Amino acid sequence: MSAPVAIVTGAARGIGRATARTLHRAGFRLILNGRSTGELQTLEAELPGSFAVAVDLLEAETPARLVRAALDRFGRLDAQVNAAGMAKMAPLLEIDPATWQSFFDLHLTASFRCSQAAARALVEQNEGGAIVNIGSVAASMAMYGTGAYAAAKAAVAAYSRVLAVELAPHQIRVNTVAPGPVATEQLRQVYAGPKYAERSRSIPLNRLAEPEEVADLIAFLVSPAASYITGQTFTIDGGASAVGCYSYETYKRQGPQ
């Protein structure tokens, strides 16, 4: 059998980039999608057997275009990883409708469209497959200022469960990975210097996750080793949610942000 093929969205940075590298080491050929053309092309050059498609994920035709790129270039598709995302803190009483909608457009609607396009190709291919969506612990724990993000991520986990049931007869597995805070470039800027240690104290393992650790879980879920796992949400947060570390006292607003 030829090497498996995966589409990874949000591949230019953070969890998506770490996932692309991890899947490449596992023998996958890759379709890489992201907004940063330069970073995406750099990653493409780093990972032989990958192909960058720098198109806007919010465009309705993009999911089908990514699937078509996989089929045209590699002749098959085995996995879809929806890792594109953004984060912006805003209390619900202050968030504007456009920002609220932007979270749902990217985290929910784009994720669903990519899952749908990939699933249709996998059903037609009739060889099974796997889809992994990125959720968040914010979907199940109330953290100050994350209302829009949390609502969108909760919806991602919900549709993923239903999609898993609907695709089970086709041996296509669908799971959600729900990280806590991950030390991406963006979050390292937010928690620079002593703020990192302060943030880490709320986590039993006393640190943020590395993107590669989340990528390892994703790689497992798209592998044959996870052939009997579907419809699940996997939390990866260093034990924070187990002890309720995201308390109001820890994260309440301390004056102007």
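Helix α4 gives the most to the lining of the largest cavity in this predicted model, with four residues. Helix α5 also has a share in that lining, since α4 and α5 each supply at least two residues. The space inside the largest cavity comes to about 70 Å³, and a search of the whole structure turns up just one cavity of 30 Å³ or more. Around the largest cavity sit Thr 9, Leu 57, Asn 82, Ala 83, Ala 84, Leu 106, His 107, Ala 110, Ser 111, Ile 134, Lys 153 and Val 156. Sorted by class, this lining has seven nonpolar, four polar and one charged residues.

Leu 57, one of the residues lining the largest cavity, also turns up in the largest nonpolar core. That core has 32 residues, and Leu 57 is listed among those with the most contacts inside it, along with Ile 7, Ile 31, Leu 66, Leu 77, Ile 131 and Leu 167. Two or more residues of this core come from each of β1 (5-9), α3 (62-74), α4 (97-125), α5 (147-167) and β6 (172-179). Once again α4 gives the most, this time with 10 residues of the core. Looking at Leu 57 itself, and leaving aside neighbours within four places in sequence, its contacts are Thr 9, Asn 33, Thr 62, Leu 66, Ala 84, Leu 106, Ala 110 and Cys 114. A second core, separate from this one, has 31 residues, including Val 8, Leu 47, Ala 83 and Val 182.

Aromatic pairs come next, and there are three of them in the count. In one, Trp 100 and Phe 104 have ring centres 5.1 Å apart and planes at 35°, which makes a tilted pair. These two residues are about one helical turn apart, because they are four residues apart in helix α4. Trp 100 counts as partly exposed because its relative accessibility is 32%, whereas Phe 104, at 16%, counts as buried. Another pair is made by Phe 112 and Tyr 159: the ring centres are 5.7 Å apart and the planes stand at 90°, so this pair is edge-to-face. Phe 112 belongs to helix α4 and Tyr 159 to helix α5, so the pair ties together parts that are 47 residues apart in sequence. Here too one partner is partly exposed, namely Phe 112 with a relative accessible area of 36%, while Tyr 159 is buried at 13%.

Helix α5 also holds Ser 160. This serine counts as buried because its relative accessibility is 1%, with the cut-off for buried set at under 20%. Setting aside residues up to four places away in sequence, Ser 160 touches Asn 133, Val 174 and Thr 176.

Turning to the pockets, the second largest pocket has a volume of about 430 Å³. Its lining is made up of 22 residues, and those nearest the centre are Gly 128, Gly 129, Ala 130, Gln 171 and Arg 173. Strands β5 (129-134) and β6 each supply at least two residues of the lining of this pocket. By class, the lining of the second largest pocket breaks down into 12 nonpolar, six polar and four charged residues.

Notes: Residues numbered from 1 in each chain as written. Predicted model: local features only at pLDDT ≥ 70, side-chain atom pairs only at ≥ 80, totals over all residues. Heavy atoms only, no water. Core = buried A, V, L, I, M, F, W, Y, C linked by side-chain atoms within 4.5 Å. Buried < 20%, exposed > 50% of the residue type's maximum accessible area, 1.4 Å probe, protein only. Contact = heavy atoms within 4.5 Å. 1 Å grid on protein atoms, 1.4 Å probe; cavity = no way out; pocket = protein on both sides within 12 Å on 5 of 7 lines; lining within 4 Å. Points joined across faces, edges and corners; volume = space filled by probe spheres on them. Nonpolar A, V, L, I, M, F, W, Y, C, P; charged D, E, K, R; others polar. Phe/Tyr/Trp six-rings, centres within 6.5 Å; stacked < 30°, edge-to-face > 60°.
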